[in-house]
Amino acid sequence: MIQRISFRPLKALFAAAALMLLVATSVQAELLIRVTEGADSAIPVSVVPFAENGSMPAGDKVSSIVQADLAMSGEFRALPPEKMLSLPSKRADVYFRDWRLLGQRYVLVGELTRNGDRVEARYELFDVNREERILGETAAAPASNMRSLAHHISDKVYEAITGVSGAFSTKLAYVTLDMANGERRYRLQVSDIDGKRPKVRLESKEPILSPAWSPDGEKLAYVSFETDKPVIFVHELRSGKRSKVADFPGLNSAPTWSADGQSMLMTLSKDGNAEIYQMNLQSRKVTKLTNHWAIDTEAAWDSSGDGIFFTSDRSGGPQIYYMAKPGAEPRRITFGSRYNARPRPDSSGNYVYYVHQRDRAFTIARTNLKNDEETVLTRTESDESPSVSPNGRMLIYATKQSGESVLTVISADGGAAYSLPASEGDVRDPAWGPIVR
């Protein structure tokens, strides 16, 4: 059963398993992709199957991965290869009139060449209406790492068309739970954003919650109950080295890194009530940012890195508040329902996303920070744990579909949705990693 924070007296907070949304049953199997809804305004683009010189590794084709990436963003509608009138691999073979007849706006062509243990991709992107090349590049990767090559191409194509950095080469972190031999095995996993290449980073018999990425993508912070109480750990992904960051009396939860990686927001109850603190990760000194009789939790930095959004029940029920700087008077952001929690602002400073309850349904909503307009983005009823892509154009969250637990990726305006269910079992608490240059 999924547990949600109930903003009651503090002792109830511990009973709610460190205030967050927890997992049911899941496994370490990779996630799958399932198209659930497309966007009517999606831009038509053709990703032509790349020509191949030499023996290519088995598995998904590079062009197929690129096509799936672009479609996942919700901003593009890919033409199936079987509907293409030709399969060009270079400009000389591109007949723009044919692509216009097919209603295409952009066409991507390319060629793969195997050189020993490396594969080189030469690719070009054309604007069909203007009959111009808007992107041309050669990129290479080890033959064992074709998926990274494909995600790189997706990022370049996305940026060439939209002017915004692509986020397809980033990573996801999430938590699963495997019931094996009658024992619970929680697993913290990291995968590509399409759920492929999952890797277990931590396994425990006790709950793991709230994974959060460092800005350089090298570390994960999370809450672990392995010592029979909630403790915040930092995990170095390359070495596997782990260190306790917060092990104060009471609650240690909801870690969030600062943009420079030098400090971390967290919720602590070491002084008796759940408050927001900022920790200097070098000195481990903590500074209290909120001081109220209510429960303050789930803090997240704004796009400037100066202010914070957080959840508080100081108005009688959980709502989103904003503090422009330490010591400033918090301002309430949400008013549309009696329950709004887990704020996640985007990188542009335009929106904050959160879990929103209405008519017993928990959905994902956002508030426009310029005009305070609230929009409910999802139509399911058990949505939780929103995480915004680093380019601000996509959102991932956990939900239930037909009784199974899945991660769902939607465009930031809710116009398209792709589900990533585990091949069996449940999956929860996604965290979208940063763009690493």
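This report walks through the fold of a predicted model, from the whole chain down to a few single residues.

## The chain as a whole

Let's start with the big picture. The chain carries four helices alongside 31 strands. Its C-alpha trace covers about 70 × 50 × 45 Å along the principal axes. How does the radius of gyration compare with that of a compact globule? A compact globule of 437 residues would come out near 22 Å, and the chain has 23 Å, so the two agree.

As for what is tucked away, 57% of the 437 residues count as buried. Take the contacts between residues at least 6 apart in sequence: 45% of them link residues at least 24 apart.

## Surface and charge

The chain exposes about 18,300 Å², and 46% of that comes from carbon and sulfur atoms. On the charge side, there are 54 positive and 54 negative side chains. The centres of those two sets sit 2 Å apart.

## Helix α2 and M72

Helix α2 takes in residues 62-72. Is it enclosed or open to the outside? Eight of its 11 residues are buried, so α2 is largely enclosed by the rest of the structure. The buried set consists of V62, S63, I65, V66, D69, L70, A71 and M72, so if you're scanning the helix by eye, you'll find D69 among them. Just past the end of α2, G74 adopts a positive phi of about 80 degrees.

M72 deserves a closer look. This methionine belongs to α2 and has a relative accessible area of 2%, which makes it buried because the cut-off is under 20%. M72 and F168 are 96 residues apart along the chain, yet their C-alpha atoms are separated by 9.4 Å.

## Helix α4

Helix α4 runs over residues 146-162. Does its length fit or clash with the rule of 1.5 Å a residue? Its 17 residues should span 24 Å, and the end C-alpha atoms are indeed 24 Å apart, so the helix fits.

The buried residues of α4 are M146, R147, L149, A150, H151, I153, S154, D155, V157, Y158 and I161. Charged side chains turn up in that list too, including R147 and D155. Residues three or four places apart in an α-helix point the same way, because there are 3.6 residues to a turn. Right after α4 comes G163, with a positive phi of about 80 degrees.

## Two unusual backbone angles

Most residues other than glycine have a negative phi. Against that background, S210 stands out with a positive phi of about 55 degrees, though it isn't a glycine. S210 sits in strand β11, residues 208-213, and is buried, with a relative accessible area of 7%.

R284 is the other case here: a residue other than glycine, with a positive phi near 65 degrees. You'll find R284 in the loop that runs between β17 (275-280) and β18 (286-288). At 35% relative accessibility, R284 counts as partly exposed.

## R358 in strand β24

R358 is part of strand β24, which covers residues 351-358. Its relative accessibility is 41%, so R358 counts as partly exposed. Which residues does R358 contact, leaving aside its neighbours within four places in sequence? Those partners are G336 and E374. M323 lies 35 residues from R358 along the chain, and the C-alpha atoms of the pair are separated by 25 Å.

Conventions:
Residues are numbered from 1 along each chain as its sequence is written. Side-chain values use heavy atoms; hydrogens and water are left out. The radius of gyration is taken over C-alpha atoms; the globule rule is 2.2 Å times the number of residues to the power 0.38. Buried means under 20% relative accessible area, exposed over 50%, partly exposed in between (1.4 Å probe, protein chains only). Contact means heavy atoms within 4.5 Å. Accessible areas come from the Shrake-Rupley method with a 1.4 Å probe; for residues, only the protein chains shown count as cover. Lys and Arg count as positive and Asp and Glu as negative; His and the chain ends are not counted. The place of a charge is taken as NZ of Lys, CZ of Arg, CG of Asp or CD of Glu. The expected span of a helix is 1.5 Å times one less than its number of residues.
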